[in-house]
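Student: I have a new model open and would like to practise reading it. Can we go through the sheet and a helix together?

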Amino acid sequence: MWSGDSTTTPDELEEAVVESGIDVLCITDHNAIRGAEELAGRLPCRVVVGEELRTHAGEVIGLFLTEHVPFGVSPEEACRRIRDQGGVVYVPHPFDPMRRNLAEPALVELVAAGLVDAIEVFNAKTSLRHLNDRAAEFASAHDLGAGAGSDAHVPQALGSAFVEMPDFDGPSAFLASLRQGVVVGHHFDRPRPWTARIVPSTSLG
């Protein structure tokens, strides 16, 4: 609920984690890390603190963050700010125009500069399979880690896409384990039921 486009409460998320059996959850609210930080000690799973931030060329995710990355920086600056705090640069839904994807020229430029660690090869909200397939081909061609995301804006979607991978401890081990992982997932993009909620401000990260 720290994202402007989701209203999932901590209680709902906790219940969804139990029901899905997720061992490690990457929480990547839009332009905020406070929710992930607050839930890290509460959920019955390990939490990787992340943020999905919008740049002028599309969205980039930082994982293993300790500091909020501000909204609206350039793609290159976003990646460098993520890396500067020891984080992992992960590009979500790279070829899906319905998901505010990172523009392909920007993606290619970042990869050429060595600023991308992994890309999402399966996004559960991407309805056209060939877009996920294209992402998988791109990851293979550029020797990038291949991730998966449920893009869960409702608790029922949690676990619709994930990676079965060896355990890890920290960003470097995460990337090494990701390369040994198996992507699992199915499409999930049901309409969200309207719910009146008071949600926290994301202005302070």
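Tutor: Sure, let's begin at one end. Strand E1 is joined by 4 bridges to strand E2 (residues 46-55), and the two run parallel. In that ladder, Leu-25 stands opposite Val-47 in E2. Helices (H or I, at least four residues) and strands (E, at least two) are DSSP runs, numbered from the N terminus, and two strands pair if DSSP finds at least two bridges between them.

Student: Anything to know about the source before we go on?

Tutor: This is a predicted model, where local features need pLDDT of at least 70, side-chain atom pairs count only at pLDDT 80 or more, and totals for chains, interfaces and linings use all residues. Residues are numbered from 1 along each chain as its sequence is written, and side-chain values use heavy atoms, with hydrogens and water left out.

Student: Which side chains of E1 are buried, and which are not?

Tutor: In a regular strand the side chains alternate between the two faces of the sheet. Here, in E1 (residues 24-27), Leu-25 and Ile-27 share one face and are buried, whereas Val-24 and Cys-26 point to the other and are not. Buried means under 20% relative accessible area, exposed over 50%, partly exposed in between (1.4 Å probe, protein chains only).

Student: What is the strand order of the whole sheet?

Tutor: Strands of a sheet pair through backbone hydrogen bonds, either parallel or antiparallel. This open sheet of 6 strands reads E1-E2-E3-E4-E5-E6, with mixed pairing. Its edges are E1 and strand E6 (145-149), each pairing on one side only. From one strand to the next, the twist averages 35°; angles run from 0 to 180 degrees between N-to-C directions, with axes as lines fitted to C-alpha atoms, for helices over the stretch in contact.

Student: And how many bridges join E5 to E6?

Tutor: There are 5 between strand E5 (residues 118-123) and E6, which run parallel. Helix H5 (residues 129-141) packs on the sheet and touches E5 and E6, its direction making about 155° with that of E5. Contact means heavy atoms within 4.5 Å.

Student: Where do the buried residues of H1 lie, seen down its axis?

Tutor: An α-helix has 3.6 residues a turn, so residues three or four places apart point the same way. In H1 (residues 10-20), Pro-10, Leu-13, Ala-16 and Val-17 are buried. They fall within an arc of 125° (taken from the directions from the helix axis to the C-beta atoms), so they line one face of the helix. Asp-11, Val-18 and Glu-19, on the other side of H1, are exposed.
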